[in-house]
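Dear colleague,

Please find below the structure for your consideration. A short account of the findings follows it.

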Amino acid sequence: MEHDDIHQLVLTPLADRAWRLCDRAVARSEVASVIAYVELLDSGAYQAVWVSVGLGSARFSSLEALFRAAVEMLEQSRSLGALKPAPIPHRPPARA
């Protein structure tokens, strides 16, 4: 993991204790620029809800740990490349 990878990430404020974690390598107008929604919990931990990489949510003890996890998830998603969507099963038309 390169140090520059972390610098492409930025927290955009949404409220006093809530942010969007965005990837500056992706145009702001693109949905994929938002990596996660982040909230500072009363416990002092940061909770991230992943939206463009990964699934679910995770808690981190520091912003640095959150950024490192986000960089790892970005690297994994890039290494997988574009995935072919699963085909939708079709049924023959109903006969009258």
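Two strands are taken to pair if DSSP finds at least two bridges between them. The model is a predicted one, and the description below begins with its strands.

By that criterion, strand E1 (residues 9-15) pairs with strand E2 (residues 18-23) in the antiparallel sense, over 6 bridges. A hairpin of 2 residues joins E1 to E2, and Ala15 stands opposite Ala18 in E2. E2 also pairs with strand E3 (residues 34-40), again in the antiparallel sense, over 5 bridges. Here Trp19 has Val38 in E3 as its bridge partner.

Further along, E4 and E5 are paired in the antiparallel sense over 4 bridges. Val49 lies in strand E4 (residues 46-50) and stands opposite Ser57 in E5.

Taken together, 5 strands form an open sheet with antiparallel pairing, in the order E1-E2-E3-E4-E5. E1 and strand E5 (57-60) are at the edges and have a single partner strand each, so one side of each is left without a neighbour in the sheet. From one strand to the next, the twist averages 25°.

Turning to the surface, Leu14, Tyr37, Val49 and Val51 form a nonpolar patch. Together these residues have about 330 Å² of accessible area. Is Val49, a member of this patch, buried or exposed? Val49 counts as partly exposed because its relative accessibility is 38%, and the partly exposed class lies between buried, under 20%, and exposed, over 50%.

Yours sincerely

Conventions: Residues are numbered from 1 along each chain as its sequence is written. This is a predicted model: local features need pLDDT of at least 70, side-chain atom pairs count only at pLDDT 80 or more; totals for chains, interfaces and linings use all residues. Side-chain values use heavy atoms; hydrogens and water are left out. Patches are made of residues with over 30% relative accessible area and no salt bridge: like charges are joined within 9 Å, nonpolar side chains (Val, Leu, Ile, Met, Phe, Trp, Tyr) within 5 Å. Accessible areas come from the Shrake-Rupley method with a 1.4 Å probe; for residues, only the protein chains shown count as cover. A salt bridge is a side-chain nitrogen of Lys or Arg within 4 Å of a carboxyl oxygen of Asp or Glu. Buried means under 20% relative accessible area, exposed over 50%, partly exposed in between (1.4 Å probe, protein chains only). Axes are lines fitted to C-alpha atoms, for helices over the stretch in contact, and angles run from 0 to 180 degrees between N-to-C directions.
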